[in-house]
Amino acid sequence: MKVLSIFGTRPEAIKMAPLVTALDREASIDSVVCVTGQHRQMLDQVMSLFGLQAKYDLGVMVPNQTLNGLFARAIERVDAVLKTEEPDYVLVHGDTSTASACALAAFHRRIPIGHVEAGLRTGDLSKPFPEEMNRRVVDAIGDWLFAPTATSKANLLHENLRGRIAVTGNTVIDALATLTARLRDDSSLANEVAARHPWVDANRRLLLVTGHRRESFGDGFRNICAALADLARRQDLQIVYPVHLNPAVRDVVMTELAGFENVHLIDPLDYVDFVWFMQRAYVILTDSGGVQEEAPYLGKPVLVMRDVTERPEAVQAGTVALVGAHRERIVKGVTRLLDDLAYHTSFSRRVNPYGDGHAAGRIVDALCGRPVEEFAPGQTGISLAN
């Protein structure tokens, strides 16, 4: 069986890396990787870290691209790959333009589609935009829907879709478990990462910030920056913000937060460096979906700068709270986590509703027609006969 895995952004690459590795180990599968290059430099970093090799690189990225232009280039260029390879399955991940465009191209050629991280929903097509639309499109045409959690499966069942569903856990936990083990067991790697960031102050608690969502462009990011400026007045705090390369984010952040001694605006980090920072963070402030999944595994409190989330499990578990892109709510939320130890401890419980490190193996089992032991936090797996 030939399986073509297609991804294009850094988060997709991180989450697909364990699956590509598992596919490569399966003797009955001819695994082929195609990248679209929707993210360029950030994608290449992850490919190198996990030792991934792409047979095809579509290079769809152009300066100042529009969503429609990106979508059109992705469909046109991946269609040639589909024609050449004639795969038995196409695997796409999540909610990017790469995922929806390439899934549609496969659908038009009647090639079965597997959707990794299926079933996430906010119920609002504008939040996040365009991701909510992208993942709904892929789920509607997918043949295998690999849901990370029981909540995601329930969303899919509610929509009465045609694809088969398996609860696998999220592959990001597979990737994170691999990286944390490497940092723990390889002292030379850990020392190498630490040497790249000698300015980290062990005497100050670390607030790690990430932000890139399109829904916060403009006033949203100005509000976020104002909140960080307020928090920067605390001398017991060090703020580390790897700033996204998108000019709509970068221009605002670099202007609004310049000149603060304890605010470090740095370039996007390699994944291993980012994991190292997450391990050291006292609080994480983010709008990233992946970080909402990773931080609970590490026992880190997370405040999410969005009004809604398609990942409600950690909110329900009490390790994540929504603060939106609102200055007062961000400041209040971070301040309470810094000043109220009992509150911080209640957030920091190691509750991991998103996976157990075996998601990739479950997906390979499903593709190969073997029984799948579905992921269930704290419970014995449930057999899903094929």
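## Helix H9 against helix H14

In this predicted model, helix H9, residues 219-231, packs against helix H14, residues 327-339, with axes that come within 8 Å and cross at roughly 40°. H9 is therefore oblique to H14. The crossing of these two helices is right-handed.

## Helix H1 against helix H16

A second helix pair is formed by H1 and H16. Their axes come within 9 Å, and the crossing angle is roughly 50°. An angle of that value makes H1 oblique to H16, because it falls outside the ranges counted as roughly parallel, roughly perpendicular or roughly antiparallel. H1 passes H16 in a right-handed crossing, and the crossing of H9 and H14 is right-handed too.

## The second largest pocket

H1 and H16 also appear in the lining of a pocket. This pocket is the second largest, and its volume is about 200 Å³. Helix H1 (10-25), helix H7 (171-185) and helix H16 (359-367) are the elements that give two or more residues to its lining. H1 provides the largest share, five residues.

The lining consists of Ala17, Pro18, Thr21, Ala22, Arg25, Phe50, Asp174, Thr178, Gly357, His358, Ala360 and Gly361. By class, five of these residues are nonpolar, five are polar and two are charged. Arg25 and Asp174 are the charged members of the lining. The glycines at 357 and 361 are counted among the polar residues.

## The largest cavity

How many cavities of 30 Å³ or more does the structure hold? There is one cavity at or above that cut-off. The volume of the largest cavity is about 30 Å³.

Its lining is made up of Leu120, Pro148, Thr149, Ser152, Asn170, Glu293, Glu310, Arg311, Glu313 and Tyr354. Sorted by class, the lining has four charged, three polar and three nonpolar residues. The charged residues are Glu293, Glu310, Arg311 and Glu313. Thr149, Ser152 and Asn170 make up the polar part, and Leu120, Pro148 and Tyr354 the nonpolar part.

Which domains contribute to this lining? Domain 1, assigned as 2-170 + 355-368, and domain 2, assigned as 198-349, each supply at least three residues to the lining of the largest cavity.

## Backbone features around strand E5

Two cis peptide bonds belong to the loop that follows strand E5. One joins Lys127 and Pro128, with omega of about -5°. Pro128 lies in the loop between strand E5 (113-116) and helix H5 (131-141). The other cis bond runs from Phe129 to Pro130, and its omega is near 0°. Pro130 is likewise placed in the loop between E5 and H5.

On the other side of E5, Arg110 is found in the loop between helix H4 (97-108) and E5. Arg110 has phi near 60°, which is a positive value in a residue other than glycine.

Notes: Residues are numbered from 1 along each chain as its sequence is written. This is a predicted model: local features need pLDDT of at least 70, side-chain atom pairs count only at pLDDT 80 or more; totals for chains, interfaces and linings use all residues. Side-chain values use heavy atoms; hydrogens and water are left out. On a 1 Å grid over the protein atoms alone, a cavity is a set of points where a 1.4 Å probe fits but cannot get out, and a pocket is an open set with protein on both sides within 12 Å along at least five of seven lines; lining residues have an atom within 4 Å of a point. Grid points are joined across faces, edges and corners, and a volume is the space filled by probe spheres set on the points. Domain bounds come from an automatic or database domain assignment. Axes are lines fitted to C-alpha atoms, for helices over the stretch in contact, and angles run from 0 to 180 degrees between N-to-C directions. Helices (H or I, at least four residues) and strands (E, at least two) are DSSP runs, numbered from the N terminus. Angles under 35 degrees count as roughly parallel, over 145 as roughly antiparallel, 65 to 115 as roughly perpendicular and the rest as oblique. A crossing is left-handed if the near helix is turned anticlockwise from the far one by less than a right angle, and right-handed if clockwise.
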